[in-house]
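New to this one? Have a look at the model first, then read on for a quick tour.

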Amino acid sequence: MTQPPARLLLRNCCLLHPTEPPQQVDIAIDGDRIGAIAPHLDEPAEVELNVRGQIVSPPFVESHIHLDSALTVGEPRWNESGTLFEGIDIWRERKQTLTLADVKERAIATLKQQAMQGVLFVRTHADVSEQTLTALQGLLEVRDAVRDWITVQVVAFPQDGVYGSPKNEELLEEALRLGADAVGGIPHYELTREDGVRSVHRIFELAAQYDRLIDIHCDEIDDDQARFLEVMVACAIRSGMGSRVAASHTTAFHSYNNAYAFKLMGFLQRTDINFIANPLINITLQGRSDTYPKRRGVTRVKELWQQGQNVSLGHDCVQDPWYGLGTGNMLDVASMAIHVCQMTGSAEMDACYNMVTWNGAKTLQVEDRYGIEVGKPANLVVLDADSRYDALRRRATVRHVISQGRLIAQTEPPRSQWMVADESTPALNMPSILMQP
Ligand code: FE2
């Protein structure tokens with residue numbers, strides 16, 4: 001990996017802030033750190049980049065993805081029903097053929113795709129339900145191999161349940177011994193309600209014992225009786241571990257009756273548990289057993305945000321048995337949240353942008369390394385946009401990606417040219433009209 005320049009200067013930046021209005025500033029990067037931020041910096045730099053008033057943002061954060069299954073769509077077959085459970089069946093077949101090289105190659109290809117679109121922090125789940133722990137080993141090796149340009153966290157995720165088969169509990173603990181960053185679970189997919197409750201308690205025990213984070217696939221089902229979030233909340237309140245805990249998906253929250261949902265919202269105020277919604281996939285997976293009306297099946301993002309809970313967003317899947325689409329672009333994820341969660345107000349759209357940036361950093365507990373502040377690692381992106389709204393509306397191109405002081409990717413925005421002569425554009429001496437899409 002090449003060394004960063006001694007000083008890189010970004011001129012005329014529209015620097016985003018999570019809660020305050022943007023600032024017009026120059027930003028100096030000294031080595032791998034932010035060296036200075038001021039309305040105008042005079043000192044010369046080895047390399048200068050005139051940003052021309054475009055927005056400069058901390059990098060995007062992918063809070064929830066499964067890199068072990070990424071880019072396997074159609075292998076060995078397509079998910080024709082589109083359901084979560086057919087996806088789990090297909091993956092059970094596909095994972096029999098996993099090799100370390102297979103996992104690593106697809107994971108790194110996906111990470112590069114994401115990094116080129118400004119994602120520099122990623123939390124991935126690794127399926128630890130299979131005997132050889134190949135997915136986990138592969139993703140731990142990837143985490144170490146890419147650390148110079150992207151930060152990856154690995155969650156030990158028992159896809160078939162902690163108690164779904166006799167060896168799964170031991171495999172989960174072995175994954176922590178091998179170095180997984182977080183303990184995962186899937187209580188709504190355990191064989192019984194009692195097993196589901198027991199699995200949540202066991203996950204909290206393991207997290208305390210091995211000093212790891214927690215990220216549980218919780219209530220990812222349309223069943224309004226799937227109520228493991230309350231178990232997570234109770235464990236978080238009693239253990240005081242809330243900020244280190246994430247509840248992923250919680251799609252059943254969408255279907256709870258309001259009397260129960262409001263009671264639960266009250267309990268949530270007693271803990272700082274993080275929520276992760278995955279709107280691209282859950283708008284397609286959920287509601288499959290409904291006729292009409294069809295439920296949206298995405299958790300109550302707007303209400304959680306209004307109450308001050310930390311909500312971040314993820315893809316969950318990119319081209320795998322559960323979701324055959326996806327490009328790794330977090331602006332797609334935020335845009336889908338805006339639509340599905342009806343967050344079209346100006347402040348609401350800004351909040352959705354924050355859910356794929358600052359809020360994700362809070363969920364991943366990387367705030368000490370995140371944010372454009374003097375002294376912090378120089379991780380930032382420059383977008384072809386003049387505001388969050390503009391970036392979201394047009395899925396703006398991420399023009400420059402700077403990781404630890406180094407420019408690691410650049411992308412030219414697409415340009416269209418109007419070619420038809422008409423009254424407003426005479427054929428003779430017709431000027432080139434460059435339009436942004
Ligand atoms: Fe997931």
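Here is a short briefing on a metal site and a pocket.

This is a predicted model, where local features need pLDDT of at least 70 and side-chain atom pairs count only at pLDDT 80 or more, while totals for chains, interfaces and linings use all residues. Residues are numbered from 1 along each chain as its sequence is written, and side-chain values use heavy atoms, leaving out hydrogens and water.

**The iron site**
- Four residues hold the iron ion at 2.1 to 2.2 Å: His64 (NE2), His66 (NE2), His217 (NE2) and Asp316 (OD).
- Donors here are N, O and S atoms within 2.8 Å of the metal (3.2 Å for Na, K and Ca), and sites may look incomplete because water is not among the atoms.
- Along the sequence, the donor residues follow the spacing H-x1-H-x150-H-x98-D.
- Both His64 and His66 are buried (under 20% relative accessible area with a 1.4 Å probe, protein chains only).

**The largest pocket**
- The largest pocket offers about 620 Å³ of space, a volume being the space filled by probe spheres set on grid points joined across faces, edges and corners.
- Its lining counts 29 residues, and those closest to the centre are His17, Pro18, Thr19, Asn354 and Trp358.
- A pocket is an open set of points on a 1 Å grid over the protein atoms alone, where a 1.4 Å probe fits, with protein on both sides within 12 Å along at least five of seven lines; lining residues have an atom within 4 Å of a point.

Key
Buried means under 20% relative accessible area, exposed over 50%, partly exposed in between (1.4 Å probe, protein chains only).
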